[in-house]
Amino acid sequence: MVEKVHSMGLYGLDAFVVEVETDLSRGLPAFEMVGLPDAAVREARDRVRAALKNVGFQFPVSRITVNLAPADKRKEGTLYDLPILISLLRASGQLDAGLEDSVFLGELSLSGEVRPIRGALPMAIAAKEAGFRRFYIPAQNAPEGAVVQGLEVYPVPNLAALFAHLTGKQPLAPAVPEEHPTHPGIPLPDFSEVRGQEEAKRALEVAAAGMHNVLLIGPPGSGKSMLAKRLPSILPDMTFAESIETTKIHSIAGVLPASAPLVRTRPFRSPHHTVSAAGLSGGGALPKPGELSLSHNGVLFLDELPEFSRSAMEVLRQPIEDGRVTISRAQGTVSYPCSVMLVAAMNPCPCGYFGHPTKHCICSAGAVSRYLARVSGPLLDRLDLHIEVPAVEFDKLDSAEPAESSASVKKRVDAARAIQNERFRGTGIPCNARITPDRLHTYCILSDSARALLKRAFETIGLSARAYDRVLKVARTIADLDGSDRIEAVHAAEAVQYRALDRKYWMREL
C-alpha cells in the first residue's frame with residue numbers, strides 16, 4: 001500500500017510542493033529513496049530508523065521505497081526527515097490520521113527531537129498558495145512561519161508532542177504571529193557620535209534620500225567606516241513587504257536569528273576584501289544567496305575597495321544596475337533580488353596620505369595612478385556620489401558642541417522619500433536611484449540655468465552617458481530635499497560636486 005504525505009522544496013526563492021510517497025512490499029529488507037535526493041536527504045533513512053526506535057515505534061521489516069515527487073526536481077537538505085517518518089508510519093499502519101491538508105517539515109535527531117530548517121518562510125507562503133491549511137514545522141521556525149496569514153502553523157518540539165497532537169491526546173496550539181512594529185526598536189549607531197565631516201554627512205543624507213550608491217575617499221582614520229556604519233540609522237523604515245522579501249532571502253541562506261523571525265531593520269553587510277566573486281553574487285550547485293542578495297533593501301559596505309579582487313568588483317556591475325543577480329548552473333538558473341545601496345570606501349593612494357594636510361605621502365605618481373586604476377571606470381560610473389572625507393581637525397574632534405542626530409537627519413530623508421513615493425505611485429519605481437531611462441527626462445525637469453551648468457560640466461569633466469544620468473538622479477534627490485519641483489542650478493551644481501573621481505583623481509590632476 002502506498003501512503004503519501006506532503007512537504008515542500010526550494011529552488012532559489014521559489015518553493016514547490018513535494019509529495020513524499022512510501023511503499024512497503026515483500027522482499028529482502030531494504031530502504032530505497034528515489035526522486036533526485038542529495039546526500040543529506042539519503043541520510044534521512046538512518047535518522048528516521050533511530051528516531052522511530054527511540055520514541056517507541058517499530059521500524060518495518062520489509063522492502064521500503066520512498067519517492068520524492070516531482071522526481072525531476074532535486075531535493076536537498078534535512079527537512080524531509082519528518083515527512084518521511086510520518087509517511088512510513090502511515091504505510092506500516094502505526095498512525096491513522098487525516099493529513100491531506102497538512103505539510104510537514106523538519107530535521108530529526110536520533111532521540112526524536114525536531115531541529116530547525118532553512119527557508120521556512122518562503123515554503124509557508126507557497127504552502128498557503130497551494131491550498132494547504134496546516135503547516136507542521138520545528139518549534140524554532142514557528143515564529144517565522146506564523147508571519148503568513150491564513151495558515152495554521154504548528155510548532156513541533158519533538159515526535160512525542162506531534163503524535164499526541166495527531167492522535168488527539170494533547171493538541172498543539174498554533175503559533176501566533178508577532179505584530180510588525182512601525183518603528184524598529186533595535187538601537188543603531190548615531191550620526192551624533194561623528195565629529196566634523198559635515199560635508200560627508202550632507203552627501204550621505206542625499207544618498208539615503210534617493211538610495212544612491214556612494215564612494216567615500218579619504219585617508220586612514222578620517223571616519224569613512226564610521227560614517228558608513230551609521231547610514232542605516234537615517235534610511236527610511238522598512239515596509240512590511242520589504243521585511244517579508246528580505247526575510248525570505250535570509251531564511252534561505254540560514255542566517256535568520258531565532259530571536260528575529262522577521263527582518264525589521266535594513267540589512268548592513270560588510271564582507272572582507274578577500275571575499276570571492278561567488279561570495280558576493282551567490283553560488284553553489286543549487287545557488288544560495290550571496291552578500292549582494294543578503295543586503296537586499298539595505299546597505300552593502302565594501303571597505304578598502306581597491307583591495308577587492310578585480311573579478312569580485314566587476315561582478316557588482318550588472319546586479320547593482322538591474323537590482324537582481326542571476327546565477328546559472330548546470331541544473332538551472334536562479335535569480336535573487338539585490339536592490340542594495342552600495343557604499344564603498346577607499347584611500348586616495350596606497351599609503352593613504354595623498355593630500356593629507358600634515359602627513360607626507362610616500363607614493364609615486366605612478367603608484368597612485370595604478371592604485372586608482374584598480375577600480376574600473378564602468379564601476380565608478382555606477383557609484384552616484386564620490387565623496388571626499390578629509391582628515392578631521394583637532395578643534396572639531398575636541399569640540400563639545402553636539403552634532404546633529406540621526407533622528408533629525410532621518411526626518412528630512414523621510415520627507416524626501418515621501419515626495420518620491422507620491423511621484424512614482426503606480427510606476428513600480430521605488431526611489432530616484434531606480435528611475436528608468438525612459439522616464440528620466442520626465443521626472444528630472446531642469447531649469448535653463450541648470451541645463452547650461454550641466455552642459456559645461458559634461459564638456460569639462462568628460463562624464464560618460466551613464467555618469468550624466470546618475471548626476472541627473474542625484475540632482476533630482478537634492479531638489480526633493482529642498483522641496484523643489486524643478487532641478488535648479490544650485491541642485492545641479494551640488495550633484496556635480498559629488499563626482500570627485502571624475503573631477504580630480506580620474507583626470508589624473510594629481
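**Aromatic pairs, a buried helix and two sheets**

F104, Y136 and Y154 come together as one aromatic cluster. This cluster belongs to a predicted model, and the description that follows moves from its aromatic rings to the helix α20 and then to the strands.

Seven aromatic pairs are counted in total. In one of them, F424 and Y443 have ring centres 5.0 Å apart and planes at 80 degrees; since planes over 60 degrees apart count as edge-to-face, this pair is edge-to-face. F424 is found in the loop between α17 (406–423) and α18 (440–443), while Y443 belongs to helix α18, so the pair ties together parts that are 19 residues apart in sequence. Both partners are covered: F424 is buried at a relative accessible area of 3%, and Y443 is buried at 13%.

A further edge-to-face pair is made by F458 and Y468, with 5.8 Å from centre to centre and 80 degrees between the planes. Here F458 comes from helix α19 (residues 448–462) and Y468 from helix α20 (residues 465–481), so parts that are ten residues apart in sequence are tied together. F458 has a relative accessibility of 35% and therefore counts as partly exposed.

Aromatic rings also meet positive charges in this model. The charged end of R423 is placed over the ring of F424, at 5.4 Å from its centre. Elsewhere, R49 lies over the face of F59, 4.7 Å from the ring centre.

Helix α20, which supplies Y468, deserves a closer look. At 1.5 Å a residue, its 17 residues should span 24 Å, and the end C-alpha atoms are 25 Å apart, which agrees. The helix is mostly covered, as twelve of its 17 residues are buried. Among them are the hydrophobic-to-charged run of neighbours V471, L472 and K473, together with R470, R476 and D480. Just after α20, G483 adopts a positive phi of about 75 degrees.

What does D480 touch, leaving aside residues up to four places away in sequence? The contacts of D480 are A416, I419, Q420, R423 and N432. With R423 there is also a polar contact between the two side chains, at 2.5 Å. D480 lies in helix α20, and at 3% relative accessibility this residue counts as buried. R423 thus appears twice in this part of the model: with its charged end over the ring of F424, and in the side-chain polar contact with D480.

Turning to the strands, β1 (residues 2–11) and β2 (residues 14–25) run antiparallel and are joined by ten bridges. Within this pairing, M8 stands opposite V17 in β2. The two strands form a hairpin with two residues between them, and G12 in the turn has a positive phi of about 70 degrees.

A separate description applies to an open sheet of five strands, in the order β11-β14-β17-β10-β18, where the pairing is parallel. β11 (268–269) and β18 (385–388) stand at the edges, each with a single partner strand, so one side of each is left without a neighbour in the sheet. Inside the order, β14 (residues 299–302) and β17 (residues 341–346) run parallel and are connected by four bridges. In this pair of strands, L300 stands opposite L342 in β17.

How values were computed: Residues are numbered from 1 along each chain as its sequence is written. Side-chain values use heavy atoms; hydrogens and water are left out. Two strands pair if DSSP finds at least two bridges between them. Rings of Phe, Tyr and Trp (its six-membered ring) pair if their centres lie within 6.5 Å; planes under 30 degrees apart count as stacked, over 60 as edge-to-face and the rest as tilted. Buried means under 20% relative accessible area, exposed over 50%, partly exposed in between (1.4 Å probe, protein chains only). A charge sits over a ring if NZ of Lys or CZ of Arg is within 6 Å of the ring centre and within 35 degrees of the ring normal. The expected span of a helix is 1.5 Å times one less than its number of residues. A polar contact is a pair of N or O atoms within 3.5 Å; within protein, one must be able to donate a hydrogen and the other to accept it, and residues adjacent in sequence count only if both atoms are side-chain atoms. Contact means heavy atoms within 4.5 Å.
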